[in-house]
Amino acid sequence: MTVAFFRGLPLTLAFFSSLLSASAAAWTPNRRGHSGAKYGELANAPPYDIGLTDQNDMEYAVNIVLGGQNFTVLIDTGSTDLWVDMTGLDVQITNTTDLQTDSHYAVGDVKGNIAFAELRFGQYVIPSQAFVNATNVTSMPAGVQGLVGMAFETARIYETMEEKWGTEAANALGRGPMSNLIAQDRSVPGFFDLQLGRVSPFNDSEQHDNHLLIGQHLATASAVASAPKLERIDPYHWTIAMDGMNINGKPFTGWNKSGVAGIPPGKIAAVLDSGYSLSAWPNEVLDAVYGSIPGAVKFDGPIPGTPLPAKNNWVVPCNVSPNISFVFAGQEFFVHPFDVVVPIPQVTFTIDDITLTGNMGMCTNLFGSGDITTEFDILLGMGFLRNVYASFQYGDYTPPGMNITGQPPFVQMISVTDREAAYAEFMQLYEEKVVPGPPLIDPATYVKILKGINSLDDSLNSDSTANDSTASTPTPGSTSPAATYTSTGQNLEVAGAVAEDSSSKDSNNKYGAIALGLVGVNVVIGLIGLGLTLTLCIRSSRNKREARYKPLSLPKEDLATDAERGALYSD
């Protein structure tokens, strides 16, 4: 990694004056020295689709070149900063600082110092882009090399620079990548277009309709230019006013009014966030949507084996999906059933340090509940954005964007989901993939078993805590063997019996007690009746247990809901 020559300088005006001079020199026409374009130069050129990589419909990534190194980074309309993990890479840094940042995301944290390097983003080049050289990354998805934010200057880089160097320096040096690009030529509209695709549920090697364009529209989506302008109503996010939502063809009436100041009467503040996998809906909305499905059962806890939040989940029949849509400026945007209901091929139960995996499938909610703040009423993440082609326009935005003279930032959207075609695909998936798969467990039965197991788990944890002071310490490095229990009629057969030795005696006593407890409760009787094959994966130490996903809390008081029923997607 090339070390910048400014690192040892005090944080004075001389530092960012040098940076500004370097940036200006880089844009001298005869000295550019690279094949990348300046923003605005390609406004009339054929559309250039940068494209995205879809990682199981849970993450969307784009390729960039930073300091001469290739990175695949997540694309996030819910944040602004660019950060990368440069470990082991020779990134050519143009300048660096001793400014430290600590960014907190819905899931994960990133710490590091602010540095500068040339950024190549699609067909464009930014000679010196501020980014976070991430030296401490926690709870981010495996394999993530970084993240590029596509929102406004209300994030840590800008705030840190403004605090240490002042507003003028932050405006000049602390911009995010998109803000830097559009500043290169203010005579042309500054915008980017985004469409999140999906991995084919019929062939997971196929990806469809992942598009990212900067300053241009996809030829097949040119109609977006004439779509209604949905102006940004919050300076921190791509938040727009929503008319409402329909559930099975009928308006949802559970919202009393927006909790966001300044929202017009009858409107809801909705934030568009491409970095949020499961969305974040108020409990009353989630209950109205999934409670409209005949046979659906609510479970106010985590569903093992899924990334769902730890509360307010639903287990639903696999052949039915709610018909939901969102309305903006009178336009109705339908949501594909693939984004509403998700099949789980194998049920999973967790008891203390034991995981039980059954040979039966089920279906759950794919939208989730989460924090609702004073900045928005509902967060529409990937599950909504897969159903629209959206153009994010910056208008007359300049950092920090609190008081804009002229056109505020706005979003234009067109629908890419045909309701009837989507329903046909949903039923095709059910018939071709779900029906031939493992038998489906009844939602009410699954939730009943899950509640019983959780009660037993709580009891065992309580007993274990009481006994911790007298329990002997396991042999370091020891592991408990796995046993497979297969139900045949009313008997449990044990495959792979384990011989007891002195080093595992205490541990075996513990798990023996758990096994006896299992046999003695109605939960196991229910499992036997279902004919499940259960695999017990026993970990040797409670201290090695994987941390469960911690959901976002929802502080709003529950509002009265009206889960009106209508036509559903079903067979």
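Which residue stands opposite leucine 230 in β29? Keep that in mind while you get set up: what you have open is a predicted model.

**Stop one: the open sheet**

Select leucine 230 and look across to β29, where valine 411 stands opposite. That settles the opening puzzle. Now colour the two strands involved: β13 covers 230-231, and β29 runs over residues 410-415. They pair in the antiparallel sense, over two bridges.

Next, bring in the rest of the sheet. Five strands make up this open sheet, in the order β12-β9-β28-β29-β13, with antiparallel pairing. The two edge strands are β12 (211-214) and β13 (230-231), and each of them pairs on one side only. In general, the strands of a sheet pair through backbone hydrogen bonds, either parallel or antiparallel.

**Stop two: strand β15 and its partners**

Jump to β15, which spans 244-247. Show its side chains and check which way they point. Gly244 and Asn246 go one way, while Met245 and Ile247 go the other way. In a regular strand, side chains alternate between the two faces of the sheet. Here, residues from both sets are buried.

Who pairs with this strand? Select β21 (324-328): β15 and β21 pair in the antiparallel sense over four bridges. Valine 327 in β21 is the bridge partner of glycine 244. Then add β16 (250-251), which pairs with β15 over two bridges, also in the antiparallel sense. Click on asparagine 246 and you'll find proline 251 of β16 standing opposite.

**Stop three: two residues with a positive phi**

Most residues other than glycine have a negative phi. Let's visit two exceptions.

Start with asparagine 248, in the loop between β15 and β16. The hairpin of these two strands has two residues between them, and asparagine 248 takes a positive phi near 55° there. Is asparagine 248 buried or exposed? It counts as buried, at 4% relative accessibility.

Now hop over to alanine 329, another residue that is not a glycine but has a positive phi, of about 50°. Look for alanine 329 in the loop between β21 (324-328) and β22 (331-334). Alanine 329 has 41% relative accessibility, so it counts as partly exposed.

**Stop four: the disulfide**

How many disulfides does the structure hold? Just one. Select cysteine 318 and cysteine 363 and show them as sticks: their sulfur atoms are 2.1 Å apart. A disulfide is a covalent bond between the sulfur atoms of two cysteines. Turn the view to look along the S-S bond; the angle about it is 115°, and the link of cysteine 318 and cysteine 363 is right-handed.

What does the pair tie together? Cysteine 318 is in the loop between β19 (313-316) and β20 (320-321), and cysteine 363 is in strand β26 (residues 362-365), so the link joins parts that are 45 residues apart in sequence. Switch on a surface and think about accessibility. Cysteine 318 is buried, with a relative accessible area of 8%, and cysteine 363 is buried too, at 1%.

**Last stop: isoleucine 441**

Finish in the loop between α7 (419-434) and α8 (443-467), where you'll find isoleucine 441. Its relative accessible area is 4%, so isoleucine 441 is buried. Now select proline 317 as well and draw a line from C-alpha to C-alpha. Isoleucine 441 and proline 317 are 124 residues apart in sequence, and that line spans 8.9 Å in space.

Conventions. Residues are numbered from 1 along each chain as its sequence is written. This is a predicted model: local features need pLDDT of at least 70, side-chain atom pairs count only at pLDDT 80 or more; totals for chains, interfaces and linings use all residues. Side-chain values use heavy atoms; hydrogens and water are left out. Two strands pair if DSSP finds at least two bridges between them. Buried means under 20% relative accessible area, exposed over 50%, partly exposed in between (1.4 Å probe, protein chains only). A disulfide is a pair of cysteine sulfur atoms within 2.5 Å.
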